[in-house]
Amino acid sequence: MPFDKKDISAYEAMYEAQKIAYAPVIFQVVRALRDLGVLGLLEQSGKTGMTATALCEALEISQYGVETLLESGLSCGVVERDHNTPAAYKNWVYFLSKVGYYMLNDSMTRINMDFNHHVCYHGLSDLDKSITDGQPKGLAVFGEQWKTFYEALPHLPERAKNSWYAFDHFYSDSSYPLVLSIVLRDHPQTIVDIGTNTGKFAILLAQSDPNIKITMIDLPDQLGVAVQNVETAGFADQISANAMDLLDSDLKFPYGLDVYWMSQFLSCFGSEGVVSILKRVFDAMSGESRLFIMETCWDRQKHEAATFSLVNTNPYFACIANGNSKMYHSEELLNCVAEARLEVIEIKDYISICHSLFECRRRYD
Ligand SMILES: C[S@@+](CC[C@H](N)C(=O)[O-])C[C@H]1O[C@@H](n2cnc3c(N)ncnc32)[C@H](O)[C@@H]1O
């Protein structure tokens, strides 16, 4: 089980508590070490390592600045020094640690850090208010006019927008090719991609089979981005677009299609919203239709590190996205599916980094 109780001493517990108390500081220190080029130079220096003086000369940053970052970097294990070689403090030689290597070179780590910095960091200081009010109070960082993050998304400052897209795409991009054969197994002629975002899966479907007619659904401004991408990819004849705010429970889905597809979509809604959407999918489905839900459920992960990242993405949903959505525990999601009178036919776990695929049909009872 992830997050099992650990038997630790009072001293260890106190130390762990300080790591949490200083976690935002450490986050910014490591980001600065990465973005100012310190980690990159230490990597290049290999087993020779570098002194603070050499780093500050190479990067044209003050000795004070480099030392401040390196000392914090030592405390969290991102940089190391050779304790066996005695040297005066000013002559200490620093190396990139294994953790530092991943901070610098691992795409997932880089993308998670950029998302947390550019999208979440400032707004998260209002997490407590967001939880008590059930409102995404941190969203105000990007303007007071937005009710949800998804309305704001196409209008965000470039760095925030690009970090969000990189975060969203990193996980779904690698899963799409792995589920394509399942979605296309029964040779569907009509597919709706609900919450299409930039239209990536719709385009992949069109590339895979020229006979499928695909409809993309998303919020109006977001759909503009998808339509442009579809036109650029040359699939305007095959892929149409339907702008809908699915929080409006009067809006219905196109009727009797072969496949209803939603990826990383239900996590954008509170459980009432999820049930409302699924009930409307049920109303639209024929007996032959299939609903595929691809989600990142934190209880269905092989590795505790994945569960850690997923549950710690939830404060973004609470404070920035809309105040009531989350990466669901699969039991909660499956309860919503059942409440909408849908039946799960098959669940496939461990797709790429962290996805599960739920294949559903109408339940007759
Ligand atoms: C997390 S993204 C997932 C994108 C894509 N399906 C994927 O797998 O990467 C969720 C998408 O749902 C859309 N969305 C969120 N709230 C919505 C709403 N109320 N009505 C319609 N679409 C919405 C967002 O604009 C966004 O494109």
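Two strands count as paired when DSSP finds at least two bridges between them, and that criterion underlies the larger features of this tour. The model on screen is a predicted one.

Begin by selecting the seven strands that form an open sheet, whose order is S6-S5-S4-S7-S8-S10-S9 and whose pairing is mixed. At its edges lie strand S6, residues 239–243, and strand S9, residues 342–351, each of which pairs on one side only. Looking across the sheet, you will find that the twist averages 20 degrees from one strand to the next.

Stay with S9 and add strand S10, residues 355–362, to the selection: the two pair in the antiparallel sense, over seven bridges. For a single pair of residues to centre the view on, take Lys348, which stands opposite Leu357 in S10.

Now bring in helix H12, residues 220–233, which packs on the sheet and touches both strand S5, residues 213–218, and S6. The direction of H12 makes about 170 degrees with that of S6.

Next, select the three strands of another open sheet, which follow the order S1-S3-S2 with antiparallel pairing. Here the edge strands are S1, residues 50–51, and S2, residues 79–81, each pairing on one side only. Between S1 and strand S3, residues 93–96, there are two bridges, and these strands run antiparallel; within this part of the sheet, Thr51 stands opposite Val93 in S3.

From the strands, turn to a pair of helices by selecting H2, residues 23–35, and H5, residues 63–75, whose axes come within 9 Å and cross at roughly 120 degrees. Because an angle of that kind falls outside the parallel, antiparallel and perpendicular ranges, H2 is oblique to H5. The crossing in which H2 passes H5 is left-handed. To see the contact itself, show the side chains of Ile26, Val29, Val30, Ala32 and Leu33 in H2, which meet Leu69, Ser72 and Gly73 in H5. Sorted by class, this contact of H2 with H5 has six nonpolar residues, two polar ones and no charged ones.

Finish at the ligand, and select the 17 residues around it, of which Ser172, Gly195, Asn197, Leu246 and Ser263 come nearest. Colouring this shell by residue class will show seven nonpolar, seven polar and three charged residues.

How values were computed
Residues are numbered from 1 along each chain as its sequence is written. This is a predicted model: local features need pLDDT of at least 70, side-chain atom pairs count only at pLDDT 80 or more; totals for chains, interfaces and linings use all residues. Axes are lines fitted to C-alpha atoms, for helices over the stretch in contact, and angles run from 0 to 180 degrees between N-to-C directions. Helices (H or I, at least four residues) and strands (E, at least two) are DSSP runs, numbered from the N terminus. Angles under 35 degrees count as roughly parallel, over 145 as roughly antiparallel, 65 to 115 as roughly perpendicular and the rest as oblique. A crossing is left-handed if the near helix is turned anticlockwise from the far one by less than a right angle, and right-handed if clockwise. Two residues are in contact if their C-beta atoms, placed from the backbone, lie within 7 Å. Ala, Val, Leu, Ile, Met, Phe, Trp, Tyr, Cys and Pro count as nonpolar, Asp, Glu, Lys and Arg as charged, and the others, Gly among them, as polar. A residue is near a molecule or strand if its C-beta atom, placed from the backbone, lies within 6 Å of it.
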